There are 4 protein chains.
Amino acid sequence: MKHQIKEAKGKLGVLMPGLGAVATTFIAGVASIRKGLSKPIGSVTQMGSIRLGKRTENRNPKIKDFVSLASLDDLVFGGWDVYEDNVYTAAVKAEVLDRFMLEAIRPELEAIVPMKAAFDKNFVKNLDGTHIKEGNRYEQAQAVMEDIKNFKEKNGCDRVVMVWCGSTEIYHEPAEVHMSLAAFEKGLKDNDPRIAPSMIYAYAAIKLGVPYANGAPNLTCDIPALTELAKQTKTPIGGKDFKTGQTLMKTILAPGLHARALGMEGWFSTNILGNRDGWVLDDPDNFKTKEVSKLGVLEDILHPDENPELYGDLYHKIRINYYPPRKDNKESWDNIDILGWMGYKMQIKVNFLCRDSILAAPIVLDLALFIDFAKRAGMSGIQEWLSFYFKSPQTAPGLRPEHDIFKQLIKLENTLRYLMGEDLITHLGLDYYEGILEAQ
Amino acid sequence: MKHQIKEAKGKLGVLMPGLGAVATTFIAGVASIRKGLSKPIGSVTQMGSIRLGKRTENRNPKIKDFVSLASLDDLVFGGWDVYEDNVYTAAVKAEVLDRFMLEAIRPELEAIVPMKAAFDKNFVKNLDGTHIKEGNRYEQAQAVMEDIKNFKEKNGCDRVVMVWCGSTEIYHEPAEVHMSLAAFEKGLKDNDPRIAPSMIYAYAAIKLGVPYANGAPNLTCDIPALTELAKQTKTPIGGKDFKTGQTLMKTILAPGLHARALGMEGWFSTNILGNRDGWVLDDPDNFKTKEVSKLGVLEDILHPDENPELYGDLYHKIRINYYPPRKDNKESWDNIDILGWMGYKMQIKVNFLCRDSILAAPIVLDLALFIDFAKRAGMSGIQEWLSFYFKSPQTAPGLRPEHDIFKQLIKLENTLRYLMGEDLITHLGLDYYEGILEAQ
Amino acid sequence: MKHQIKEAKGKLGVLMPGLGAVATTFIAGVASIRKGLSKPIGSVTQMGSIRLGKRTENRNPKIKDFVSLASLDDLVFGGWDVYEDNVYTAAVKAEVLDRFMLEAIRPELEAIVPMKAAFDKNFVKNLDGTHIKEGNRYEQAQAVMEDIKNFKEKNGCDRVVMVWCGSTEIYHEPAEVHMSLAAFEKGLKDNDPRIAPSMIYAYAAIKLGVPYANGAPNLTCDIPALTELAKQTKTPIGGKDFKTGQTLMKTILAPGLHARALGMEGWFSTNILGNRDGWVLDDPDNFKTKEVSKLGVLEDILHPDENPELYGDLYHKIRINYYPPRKDNKESWDNIDILGWMGYKMQIKVNFLCRDSILAAPIVLDLALFIDFAKRAGMSGIQEWLSFYFKSPQTAPGLRPEHDIFKQLIKLENTLRYLMGEDLITHLGLDYYEGILEAQ
Amino acid sequence: MKHQIKEAKGKLGVLMPGLGAVATTFIAGVASIRKGLSKPIGSVTQMGSIRLGKRTENRNPKIKDFVSLASLDDLVFGGWDVYEDNVYTAAVKAEVLDRFMLEAIRPELEAIVPMKAAFDKNFVKNLDGTHIKEGNRYEQAQAVMEDIKNFKEKNGCDRVVMVWCGSTEIYHEPAEVHMSLAAFEKGLKDNDPRIAPSMIYAYAAIKLGVPYANGAPNLTCDIPALTELAKQTKTPIGGKDFKTGQTLMKTILAPGLHARALGMEGWFSTNILGNRDGWVLDDPDNFKTKEVSKLGVLEDILHPDENPELYGDLYHKIRINYYPPRKDNKESWDNIDILGWMGYKMQIKVNFLCRDSILAAPIVLDLALFIDFAKRAGMSGIQEWLSFYFKSPQTAPGLRPEHDIFKQLIKLENTLRYLMGEDLITHLGLDYYEGILEAQ
């Protein structure tokens, strides 16, 4: 039975804390696509299709033709940053995109100027912000809410979503102040230093019913206080950490090796990157947040507890190296020591010459469109079906996250099928073979 | 509802045409596992587990504990080869396994002596067999049936299965003689040169109701004549070509890139290997059979027809190079040219230091156990749920094969769940989130 | 004692048969360097320095400041091609250089229009030339000589050199017609099909005393007829085959492994490239010429005859694969199986993401300048000291070529030192250590 | 003129501080070679040959046939270690060599038992020694001298050499106590904590005129106090740090790229290894010593000061990662960002699957034989001609070390030629070409 979903009418505002390499690549991309200068490759909502019904029916519509999503022409962009560069200038400095392309869309980009950021240098030691909100945490939250309302009104938006595109904050564990909405709101007023800037944005958004997706490994909305608020305001939320590059590859490969019951002794992952993200992660406290986000992946896919003979001795190590010559063109190198029949050793090496922001930008787009869709479909709270996009998916308390990208994909697709009243796909397919199974 | 499946009682004979590197590694492995000297790593039937019910139920039995499979202790081995070396000698010559390990199981291996092979040098030019059956194709087929019956009786087997572990034959298209059982049986009597030796074995097996799995890319039972026979004798069959090494990696990676709607301009695959298989494939006619088997994979996963913007220009090239220094330790190198957001180019390189026979051996085991299981479950004809193990899965006529290893895995697992009366898994999982979806 | 060398005064004409990717990249590079838009990186004559005297003297002049070479400002370019595109158009089609850069030097490039080529499709099956000289081989040779004289006069050149930048011709062995000048000149008149087009150019150049360097693996001037002519006309010549990419790496690595007495079991080299060169080499007859040029390298460095225990079983295999997605951005992958102490096996893998024409262009420059220098220094015949630049260095009959790039470099540098009256470097250096050696 | 060199008669004792993976692999190798079970691959003294005279003379004797070196049959082994395992047990624990091979030479190895070590945990925090000399530094030095004399006498040695095969000590700069022999000897008596254990061994050896080679990056004999002592006692010394694996590759590749005047923006080197060396280097203080040793290499080969346009912005980064799955089978991965013609970017990636001790063992052998040879040839003090074997060659004060392995090789070979009265090789070779150079 098809679920009722409000149509995507009118403009959708996409607000991003952090107008750096990722956000500017996303905005510039949409601008260039609208002009027919490029294509939204890597975006599942725009380019992906979904199989419906039986294999022999040949029904494979594009996802954007299957469910009602905001059109690229209806998107409006805004955001906050600790630097005051407009999006054109920030994109030039990021050195991700061809200068030639940027010139072709310069006016659209120059028109987007960041609002002052909520910032606390204790959370990102390697950045020096100059374009910063005054006041304590409570006042900053109020100011962000004002920003959102003004943006919506000024741009005539029907709806607004928020996607975090800022830096990785330092590692911290959830504390008492994060455990309930009441404690959190008191903490804001007390300017509690354990409330990270990213939480201020998330609070402001969720309080206003604005769907929120978290592109960094920061705790942010993965705390009881904010899931409680999301339920109250019926707001969809999702996180954490855009799944790009090396972790993307890991959640592709590991399920494949696990599928075949191949053992694993070690997985060594190293990265070189020279962008602002690399520079922030050169600080050990910030790296730890990222490391925790990246490390969990293998354990949740391989289940060493259930398969001690295959994965009990797995040694998993991750290194990120700041290496300026490459700028945004991140390169990863993985070595995987696997075991086969009778314990014989084999090795897999994967060398990925990727582009950090190029991989992240379409995720920003998809998340913006899907959390808006979720809201229109009447969904609220943690959107586990969007795990597909995250390194460290936020789940219900006590529920083991699913990192296998293929299970995440089925979850996403079957959720869409379910909402649209289509049959779920199980790949059983015995019905293609008449008489394959003897009657009993 | 649980389906009725006969219990796996008594001995199961595993007969293999081709007692070379793969078959001897399989046999030696089972012998060493029985003695506790090694473990059946890479075998899904032995080491793999299957999730049942909801995630929170924590039901993850081993597959061998979930469905009734023949125990390793009940297996008996036999086979045919164009050389008369016993399994110990053949294993020593194959140089796959440690000599130290082979000595520990030498008596078991020496006891297994190949029967004379059905052979035609026109199909494998680089081999010179000396241990060969006399007579025309019809007489050879009769002789193979006699071999099977004698083996079963002599070894007191309750059931027998056959798994092709021989060489790749030269490329040929299905001809009239393959189009019906009647034409085929006439062709046998006429000693029609278009009937490949592998077809003689398959015919003999299927005629006797012995389940048959095809580990090479040869046509063999993927012809109307033999699928017709399989229906007649209610025999499960499956093929083609064990999915190991490079193609295994390809069917892991390609679905991942496709999932994310990343474009692809080129995929270049090269291999070096120095075993008998490498030597056979050094002949262009035999290489072509393998190439066709390997090339189809990407097209069926990426669907360039449905995604011309992403995959319309894909250039896919495969090279296999005979390189003696490596012997059975095959190494593959893949370069993948992918496209991301706005068409930016990225590269993935995968270097797999694998071991050909080590990857193939557990597939022989799993197929032997699963086609025996299929037979006991009353299944017959093409077993598409075993696609998971094949480079070029045999399907019903007109049905596009599924190469995505993750869809193949779900198909396999949901088939087992279905037969055992368990819920199929769809990964929807909305029920973990109370109130996530507004009532309508 | 310093040798007498004429000063490099006036213009130097650089004539190239083949105005494709390499030649246009060379010409465009010089044009952009003259305008200060880029730097002659990779050119030893422009960027390299040479140590003179003792280490403690700190005398390391640039080579261009040490010996008298034509200045980049004095170069004039011309050439022949089977297509009539001017250099700008040809460079755009080659897709080697940024379009932005090409626009900045467009007028200079457009002004250079190819002369009609001497061509015979039998020697390059995959090319279809349309801009071709009439007449038999003798008449073509006369026409090329006319072209050279006209070019020199029209451009007011003081001197002219010729560097072959055309395609690889099919493999052929030297025949009787190549064995003496008399036979060769008779062959020209008889239009002997064994005289390759490249030989016509070389003959014309050498006949006029124009120094000739051969950038392809073609036989060309490596035949007795033309070395005889070179002696007669006192003309410096050199070849064969610009040493770029994979062979460059091979002649760097192999000497290093040999230096340490490490053994070698196998070296597997594969390439992917998608430019016109790749397309020409997709024909087996043309590939063979290249293969022979590339294969000799290892044998001459490792001397398996003298070191059978280390290199007696070496298996060396080279593959070149036409792979359009990469165009001129050639990529090589090498796997080297080496042996260490007690025969333990190790592996080295080298993955070179190079650019074919970018590596070749500065070699064209250096060779043009050095063969002109050789002529002014009174040197004639085979210039073995330029081996440094060639995959398959031409040497005196019976003399084993030196492929070790470091020996080639010393040979080049010590030749320059010798001509300029500087001490040859031997790296003995005992004199830095007073009293290190007891008096006897 | 040939220099006078004493013949290598009688037994040569090879004493090693540190009987771990490297030393035991060296000893086991020599034992197996003596029995004809393996070959001294990787040893230049045993397998390398040297060209004498002109190319056309074809004189290429093995080095061991050219100069008088101790024969493998005349070597006797001994050493010190902080653990009391005999060489057999230590080799088994090191897991470098096949167990099968070790059993074949077990008695010889078991007979070699370490003497008590001079040790100070402050210099190697990750080791816990139990087999340690008592007393202050002076007393330890006396004890080591006693050990040497006893060993020599007990084993009937004609001569003794010492090669450091122990761990990397923490980083420290030379202090006053290292600046003169007088200060150093006073420091020993005062038990000065700045005198590292490795210096105690070196002092003891040099004091007795025993040649000393330093296989670790420790300062040891690279201090004025000990070079002064070496002169006094006419003792050859050399160091620092065996050149194996990644640095070996670096000093092969970098000279090649420099030879061609290719630019370089970055060189990223990472390693994974799981042996005791990896564990020691997991401590940042010990890693620093190794890092300094490894970092200098590129600067000294590329001379960024002289070539700022090519190497002025070079970013060089080295990482060593403890990764237990690999044990002694170290793997390195290098990424090199190079620049070619007009500044176009290219990349080289080198993946070396090496074996740490297998590469080091033949260096121990060569150094032992060559420093003994040097002593017999009347050479004393720093032996720069042995730079070929070291990551960080010790030179005369103020003299820039030569890291280019090819210059190091010529230095080594020309030193041997010089001592034996052969012509030095300059690779000029104009004399092969009669009349190449016009008479003046």
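Which residue stands opposite Ile320(C) in strand 8 of chain C? The views below, all taken from a predicted model, begin with that residue.

**View 1. A residue pair across two strands of chain C.** Here Asn271(C) is the residue to look for: Ile320(C), in strand 8 of chain C, stands opposite Asn271(C). Strand 7 of chain C covers residues 263–273 and pairs with strand 8 of chain C in the parallel sense, over eight bridges.

**View 2. An open sheet with strands from chains C and D.** Follow the eight strands in the order 8(C)-7(C)-9(C)-10(C)-10(D)-9(D)-7(D)-8(D), and note that the pairing is mixed. At the edges stand strand 8 (315–322) of chain C and strand 8 (315–322) of chain D; each has a single partner strand, so one side of each is left without a neighbour in the sheet. From one strand to the next, the twist averages 10 degrees. As a reminder, strands of a sheet pair through backbone hydrogen bonds, either parallel or antiparallel.

**View 3. A helix across two strands of chain D.** Helix 13 of chain D, residues 284–302, lies across strand 7 (263–273) and strand 8 of chain D. Relative to strand 8 of chain D, helix 13 runs at about 150 degrees.

**View 4. Chains A and B about a rotation axis.** A turn of 180 degrees with a shift of 0.0 Å along the axis lays chain B on chain A, with an RMSD of 0.0 Å. The two copies are thus related as by a two-fold rotation axis. Look for Val350(B) here: among the residues of chain B, its C-alpha comes closest to the rotation axis, at 2.3 Å. Of the interface residues of chain B, 99% are also interface residues in chain A, so the copies meet through the same surface.

Methods
Residues are numbered from 1 along each chain as its sequence is written. Chains are lettered from A and ligands numbered from 1 in the order in which they are written. This is a predicted model: local features need pLDDT of at least 70, side-chain atom pairs count only at pLDDT 80 or more; totals for chains, interfaces and linings use all residues. Side-chain values use heavy atoms; hydrogens and water are left out. Two strands pair if DSSP finds at least two bridges between them. Helices (H or I, at least four residues) and strands (E, at least two) are DSSP runs, numbered from the N terminus. Axes are lines fitted to C-alpha atoms, for helices over the stretch in contact, and angles run from 0 to 180 degrees between N-to-C directions. Contact means heavy atoms within 4.5 Å. Copies are superposed by least squares on the C-alpha atoms of residues with pLDDT of at least 70 in both.
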